[in-house]
Amino acid sequence: MTVQSSKTDANTLNQSISDFVGVNAPYYIYEFKRIQCKTGFSGSWNTWASIFGPVWAASRGVWGFFWTFLVLELFALVQIVRGLWGELGADQLQRYERLLENIAQREQQAADLTAAGDPTSAMAKLQIAENLRGAADIALEQANSANEFATLVLIAGLGLFALLKLLEGFTANIAYEAQFLRWRSSGREQSGVTRSGVVFGVLGLLAIWPLTLIRFTVANPDNVVAGLTGGLLGQRIPITEFPVGKEYFSALSLKGDDGFDWLAIKFGGVFDGVTATIRWVLDALEVLLIQTPWPVVMFVIIVMAYRLAGLRVMIFTAASLAYLACMGLWELSMITVALIGAGAFLCVIIGIPLGIWFGKSKRAYKFAEPVLDFMQTMPAFVYLIPIIAFFGTGKPPGVLATLIFAMPPVIRLTALGMRGVPDATKEAAVAFGCSPWQLLTNVELPLALPSIMTGINQTILMSLSMVVIASLIGAEGLGALILEALQYAAKGQGLLGGLAILLCAMVIDRIAQGAYRKSAQQQR
């Protein structure tokens, strides 16, 4: 019974391999079994894969093998062609010719100056020519050395190409057997030999290899390609640079300028209203932090840290404030805290409701996700362009730039926390008579609060990173100090100012996170 079962399993495996490979099934049945029976190196050899390499892989659908050896063989062929026909010293020869022309020009200038009765200037020109002659001799020597190096390059390329052929022969069946196992488990992998795979493999070689070989082995590849394609296409097509210049870019740039100007004029009142609102928030914060006597501000912040976050955070806050005061950075630090606080406050006020909405509505989140990706991936400096166009310069535009850059984390993490609330918990709350508002405030938000607080933490840190960038458009504070240090290479000033910015953000974050942890402990 056991023997019969083993024969049945073997026949099933053979039939499965045959169905998978299609062409040359007996060979692959034997090789796949060898690979499966050995734990180490199987020594399986595939002559067709060794000869045809990437084309064999394309025909069988082993695309990882195809791309890997396509690139490696191309590298080896580049070395071979460079060794055979490549002009390795062409750059140095061109430099040598340019130097000779320059030398001749200097000598002619010296002759003219001598004829004009100015031997001093003539001697200076001849000295320059002599220096250039030394550089020309060095360039010629390097060109000759490069040409002598061609034999070594050729030998290295041939050796590498032979090694790659051996690797292809010994690894092809291993890669193909791994694809067979994936095909057997999922059925999604390509099976057999396909004509489309062969065509794609050949076209891939023809599309990649010739132009790449010309580019890296010929001194003037554009001229060679022009000679090959000029008769067919009737025009010169360069391969070292894209044939299209900046004409479309310039036209679209002008259109963009017109569009920004139209929006700034059409919705100027809206932009002014937004600027005025942010300026009102900043002015209120600056009145509290700057115009209020500094001992009062310091005392209130330290007491707040103790009451909200505990003794350890209070000690850290006191030490940070002492550093800011002793370095003479108190006023700049308070301006920075106002900028960070205003930006983070607006991010939280706007971001948490949006996160709650996106957490409850999958359709809304799918629509908003690309917008959030755009906000996070776009370089921060790019935000400054429309900000300046619509809102001008100063502190409010800096807060707006911070708002765009720092809002996505709190939105994403709030939505993540809302989606992480178990459905069973929500169903139980509804069963006990919770209204939608009670469900949100008493069940969903408390359970999502850890994720929301993480989002607030990330928003504060990203607001910190925008402080220096916002200083480029006139936002004051410690960011302007860092910008000045960058302009004048004041390393010490930049380091001390950067530490001050870090301490401001850490104080805000430690107080906020400490307040959350203390509240959570009290609820337990």
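This is a tour of the pockets, the cavity and one helix of a predicted model.

**Stop 1: the largest pocket**

Start with Met304, Val337, Gly341, Ile508 and Ile511. Of the 31 residues that line the largest pocket, these are the closest to its centre. The volume of this pocket is about 830 Å³.

Next, display helix 12, helix 13, helix 14 (311–326), helix 15, helix 20 and helix 22 (491–523), the elements that each give two or more residues to the lining of the largest pocket. Helix 15 has the largest share of that lining, ten residues. Colour the lining by residue class: 29 residues are nonpolar, two are polar and none is charged.

**Stop 2: helix 12**

Keep helix 12 on screen and select residues 268–291. Its buried residues are Gly268, Phe271, Thr275, Ile278, Val281, Leu282, Glu286 and Leu289. To see what they pack against, add helix 11 (247–266), helix 13 (294–309), helix 15, helix 17 (380–391) and helix 18.

**Stop 3: the second largest pocket**

Helix 17 and helix 18 stay in view here, joined by helix 16 (362–377); each of the three supplies at least two residues of the lining of the second largest pocket. Centre the view on Tyr383, Pro386, Ile387, Phe391 and Ile404, which lie nearest the centre of this pocket among its 14 lining residues. The space inside is about 250 Å³.

Which helix gives the most to this lining? Helix 17 does, with six residues. By class, the lining of the second largest pocket has 14 nonpolar residues, with no polar and no charged ones.

**Stop 4: the cavity**

How many cavities of 30 Å³ or more does a search of the whole structure find? The search finds one, and about 60 Å³ of space lies in it.

To outline this cavity, select Leu339, Ile340, Gly398, Val399, Thr402, Ser463, Met466, Val467, Ala470 and Ala475, the residues that line it. Then show helix 15 (330–360), helix 18 (395–419) and helix 20 (436–470), each of which supplies at least two residues of the lining. Helix 20 gives the most, four residues. The lining of the cavity divides into seven nonpolar and three polar residues, with no charged ones.

**Last view**

To finish, show helix 15 and helix 20 together. Both give two or more residues to the lining of the largest pocket, and both supply at least two residues of the cavity lining.

Technical notes. Residues are numbered from 1 along each chain as its sequence is written. This is a predicted model: local features need pLDDT of at least 70, side-chain atom pairs count only at pLDDT 80 or more; totals for chains, interfaces and linings use all residues. Side-chain values use heavy atoms; hydrogens and water are left out. On a 1 Å grid over the protein atoms alone, a cavity is a set of points where a 1.4 Å probe fits but cannot get out, and a pocket is an open set with protein on both sides within 12 Å along at least five of seven lines; lining residues have an atom within 4 Å of a point. Grid points are joined across faces, edges and corners, and a volume is the space filled by probe spheres set on the points. Ala, Val, Leu, Ile, Met, Phe, Trp, Tyr, Cys and Pro count as nonpolar, Asp, Glu, Lys and Arg as charged, and the others, Gly among them, as polar. Buried means under 20% relative accessible area, exposed over 50%, partly exposed in between (1.4 Å probe, protein chains only). Contact means heavy atoms within 4.5 Å.
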